[in-house]
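Please look over the model shown below and follow it in the report, which begins with the contact between the chains and then takes up each chain in turn.

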Amino acid sequence: MSSDLKQELKEKIIEQLNLEDVTAAEIADNDPLFGDGLGLDSIDALELIVMLDKDYGIKLADPKEGRKIFESIDTMAAYIRASKA
Amino acid sequence: MENRYYIESFSHVNNGIVSVNGAPVFKTLETDFKSVMKLAYKQLIVDYPKFFKMDNLSKLGLLAAEVLLREEWEKNIAMVFSNRASSLDTDRGYQDSIKDATHYYPSPAVFVYTLANICMGEISIKHKIHSENCFFVMDEFSPETLSSYTEELMDENKAEKVLCGWVDVDNEKYDAFLYVVAKKGTFVHSDAEINRLYKTTHEQ
């Protein structure tokens, strides 16, 4: 279930953020999503906040929380699981 | 009157063809905009994945500019662009994301492109250009409007060169014609010559 969620997140991120030539298999669960990892930017961070709301019904009360939540696929999956528990 | 300025080079993107100075540098039989841009990117731009995050207008403008600026060393290049549809192609997509109150998920990545001049910003970022820019929205290509503004910029020493032209996308119809105005060049910078080059490329 956990790895299903992580796989789903990878596929959604690739599609939502138009990451051309990146496959889900190339994203490790603990790869940094920003900076040297996938190289996402501040607009991508906003898109991820919208994605959490739209696809998982999770609203971030404080966008600054995103910094920790969006560190990696691992942290995103953990946050979604915890929010739904 | 003596001509003070010249057209150094020009590009055109239309009907699956990218050309420079009238000579095709890329051709495809694909007809849908997305496929044409993707194939042209792989051949002419290559290592700039941000391209795929851009809206259609920025992709078209960046591609038409890339073939003119990739070997350009001058950075004091102003931009004077024009089109008919402004950012309508993107505006419609954004409107779709907010029209339903129960599924109201405005996309930040789409919203940032709901202005036509963002296209010039993307070109500036790619080519590290810090300069004057202006985007005119008009019914049809108008050399007079662009040439007078361009010559004013150069007369006032606001720029060493000016990247000018027409970049228009709307509902899969796309058309770009860009040209670089400089103090030296192949073609005289006159309304008649700009019009001739614009029409020449359209007759290919």
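## The contact between the chains

In this predicted model, the contact draws on nine residues from chain A and eight residues from chain B. On the side of chain B that touches chain A, six residues are nonpolar, one is polar and one is charged.

## Chain A

Chain A contains four helices and zero strands, and its elements follow one another from the N terminus as α-α-α-α. Its radius of gyration is 12 Å, close to the 12 Å that the globule rule gives for 85 residues, so chain A is as compact as a globular protein of that length.

Taken along the principal axes, the C-alpha atoms of chain A fill a box of roughly 30 × 30 × 20 Å. Of its 85 residues, 26% count as buried, and among the contacts in chain A with a separation of 6 or more, 50% come from residues 24 or more positions apart.

## Chain B as a whole

Chain B has seven helices and eight strands. A compact globule of 204 residues would have a radius of gyration near 17 Å, and the value for chain B, 17 Å, agrees with that. The C-alpha trace of chain B spans about 65 × 35 × 30 Å along its principal axes.

Of the 204 residues of chain B, 39% count as buried. Where contacts in chain B have a separation of 6 or more, residues 24 or more positions apart account for 66% of them.

## Strands β1 to β3 of chain B

Strand β1(B), residues 6-14, pairs with strand β2(B), residues 17-20, in the antiparallel sense over four bridges, and within this pairing Asn14(B) stands opposite Ile17(B). The two strands form a hairpin with two residues between them, and Asn15(B) in the turn has a positive phi of about 50°.

Strand β2(B) is also joined by four bridges to strand β3(B), residues 23-27, and these two run antiparallel. Here the bridge partner of Ile17(B) is Lys27(B) in β3(B). Strands β2(B) and β3(B) likewise form a hairpin with two residues between them, and in its turn Asn21(B) has a positive phi of about 50°.

## Helix α5 of chain B

Which residues of helix α5(B), residues 118-127, are buried? They are Cys119(B), Met120(B), Glu122(B) and Ile123(B). These residues lie on the same side of α5(B), because they cover an arc of only 155° around the axis. An α-helix has 3.6 residues a turn, so residues three or four places apart point the same way.

The cover over the buried residues of α5(B) includes two elements named by type as α2 (56-69) and β4 (77-83), together with β5 (133-137) and β6 (161-170), of chain B. Just after α5(B), Lys128(B) takes a positive phi of about 55°.

## Thr90 in helix α3 of chain B

Thr90(B) is found in helix α3(B), which comprises residues 88-98. Is this residue buried or exposed? Thr90(B) is buried, because 24 other C-beta atoms lie within 10 Å, and the cut-off for a buried residue is 20 or more.

Leaving aside residues up to four places away in sequence, Thr90(B) touches Asp55(B), Asn56(B), Leu57(B), Val110(B), Tyr113(B) and Thr114(B). One of these, Tyr113(B), is 23 residues apart from Thr90(B) in sequence and 6.8 Å apart in space, C-alpha to C-alpha.

Definitions and conventions. Residues numbered from 1 in each chain as written. Chains lettered and ligands numbered in written order. Predicted model: local features only at pLDDT ≥ 70, side-chain atom pairs only at ≥ 80, totals over all residues. Contact = placed C-beta atoms within 7 Å. Nonpolar A, V, L, I, M, F, W, Y, C, P; charged D, E, K, R; others polar. Buried ≥ 20, exposed ≤ 12 C-beta atoms within 10 Å, placed from the backbone. Arc of directions from axis to C-beta. Rg over C-alpha atoms; globule rule 2.2 N^0.38 Å. Pairing = 2+ DSSP bridges.
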